[in-house]
Amino acid sequence: MAEKTAITVASGDGIGPEIMAATLAVLEKSGAQLAIEEIEIGERVYRRGASSGIEPSAWESLRRTRVFLKAPITTPQGGGFKSLNVTTRKTLGLYANVRPCVAYHPFVQTLHPGMDVVIVRENEEDLYAGIEHRQTENVVQCLKLISRPGCEKIARYAFEYARRHSRRKVTCFTKDNIMKLTDGLFHKVFEETGTEYPDLEKEHWIVDIGAAKLADTPEAFDVIVMPNLYGDILSDVAAQIAGSVGLAGSANIGDRCAMFEAIHGSAPRRAGQNVANPSGLLLASVMMLVHIGQPEVAARVHNAWLKTIEDGIHTYDVYTEGTSAAKVGTREFAQAVVERLGEKPGKLKPAVYASAPSAPLETGLRERNASERTLVGMDVFVNWNGRAEDLERRLRPLAGDGLALTTISNRGIKVWPDGFPETMQTEHWQCRYLVGGTATTTHAALADLLRRAAEAGLDFIKTENLFTFAGERGYSLGQGE
Ligand code: NAD
């Protein structure tokens, strides 16, 4: 008999323990070779005082098994509690979130019978770094951080995933017409990486129209890769229009660890009634079986599940009078899947997984030569209650060492020189000092500029150094600049 793979399992809160029991009941009868370690996470752990809902002994298990099958948890309301999901993803370096969204027409109602889309969401960067600041009385900011290595890993993961799962096309969604540097980098790396996959079709959509098309004609897409925020939103939309959020599982993949879960939450109002649909967690466990190199068992479980759905054995959330044959509870649904182990669906497409255990994805980073970085100026952000012209009069004398005030912007809109009186102005001003032409400046010159600003009584709230990289501007221009 094959060696057992150690996995860490957490039953979570709300409907979690019921759907986990149902999932494990199926896995147990499926021939999966698993050595299960149970940990406790979630509400009770939060209440015991662990601010991120998980204790050191649980981390120890996760870092040893490197595979986590997780039921949903309830995040307590109120301050001080950190999201366990975000903590787990970041701590374990789970950079890719993979969510297949499939229609099971005509057995589960959907407007998109042909839908079969996999969303690959970048999981660590973007606005989810959670670096936020209140800068002035009325203005707050959230930093959107995108790194080239982060983009390279997720783009490569998406292309490799497509190839391994016999997908034909990878689409990238960004908003790089507006965020030219951050989303622009994501798009650029997608195109660069794509050149290594000539067998796959590639395309890019601006996220707004791409999202509209996804909601309207999901059949047009295959694998879609996106930065964190768009992926978070659109993967829920995609799961819902495929049929139900109750049916979708997801994998969170890192170089060393992986976590598998349903996409829905702990649905506390349904807890303890034996009504919840265990399908999301069960399909997540199928992804886990593929990941740990038990693809035949994965296919066995997946096909038994498809046959159950096809036979009309449905929990309340997907039950439809006339289409479904029986409305069953959580335990009975799992029992129906167990009874169909070894069977295949007749109408739905049977699941097939590569028979050889898949080697770890090669997401290694490319060697790059550092481009020549030149310091050319500084944006000084100032808290100022007054008019742009008056601020300019106070800022102008600060020039020196070749640095001169070139523009003042307010929330990204240029207001000096030649501002419009119609532009709304807050107390948050971005004052740009640049050395002209091909000149360069130094950190010491910038520090002197700030010293002069302090002596002039200016309330500066932050600065950003302005660089060029191999002659290319490394900062955005204000609207109208
Ligand atoms: P939810 O997904 O838990 O529930 C929304 C509704 O969807 C439920 O009321 C129920 O009608 C239905 N539903 C969800 N899963 C179902 C299933 N398996 N079977 C049948 N019906 C199902 O979302 P929510 O109410 O916004 O969140 C409840 C709690 O879950 C919150 O504390 C939230 O923080 C947490 N949550 C956890 C995770 C996670 O652990 N991964 C994810 C999302 C939300």
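In the predicted model, 19 residues surround the ligand, and of these I73, G265, A267, N277 and Y316 come nearest. By residue class, this shell is made up of seven nonpolar, seven polar and five charged residues. Polar contacts to the ligand involve both side-chain and backbone atoms of the protein: a polar side-chain atom of K70 is placed 3.2 Å from a ligand oxygen atom, while a backbone N or O atom of G265 lies 2.7 Å from an oxygen atom of the ligand. At N277, a polar backbone atom is found 2.9 Å from a nitrogen atom of the ligand. The ligand taken alone exposes 810 Å², of which 68% is buried by the protein.

Elsewhere in the chain, an open sheet is formed by six strands, arranged in the order β17-β16-β18-β15-β19-β20 with antiparallel pairing. Its edges are provided by β17 (413-416) and β20 (472-473), each of which pairs on one side only. Within this sheet, β15 (residues 373-383) and β18 (residues 428-435) are joined in the antiparallel sense over seven bridges, and the bridge partner of N383 in β18 is H428.

Two helices are in contact with strands of the sheet. Helix α13 (residues 443-455) packs on the sheet, where it touches β15, β16, β18 and β19 (459-469), and its direction makes an angle of about 15° with that of β15. Helix α12 (residues 388-395), in turn, lies across β15, β16 (403-410), β17 and β18, and runs at about 160° to β16.

How values were computed
Residues are numbered from 1 along each chain as its sequence is written. This is a predicted model: local features need pLDDT of at least 70, side-chain atom pairs count only at pLDDT 80 or more; totals for chains, interfaces and linings use all residues. Side-chain values use heavy atoms; hydrogens and water are left out. Two strands pair if DSSP finds at least two bridges between them. Helices (H or I, at least four residues) and strands (E, at least two) are DSSP runs, numbered from the N terminus. Contact means heavy atoms within 4.5 Å. Axes are lines fitted to C-alpha atoms, for helices over the stretch in contact, and angles run from 0 to 180 degrees between N-to-C directions. A residue is near a molecule or strand if one of its heavy atoms lies within 4 Å of it. A polar contact is a pair of N or O atoms within 3.5 Å; within protein, one must be able to donate a hydrogen and the other to accept it, and residues adjacent in sequence count only if both atoms are side-chain atoms. Accessible areas come from the Shrake-Rupley method with a 1.4 Å probe; for residues, only the protein chains shown count as cover. Ala, Val, Leu, Ile, Met, Phe, Trp, Tyr, Cys and Pro count as nonpolar, Asp, Glu, Lys and Arg as charged, and the others, Gly among them, as polar.
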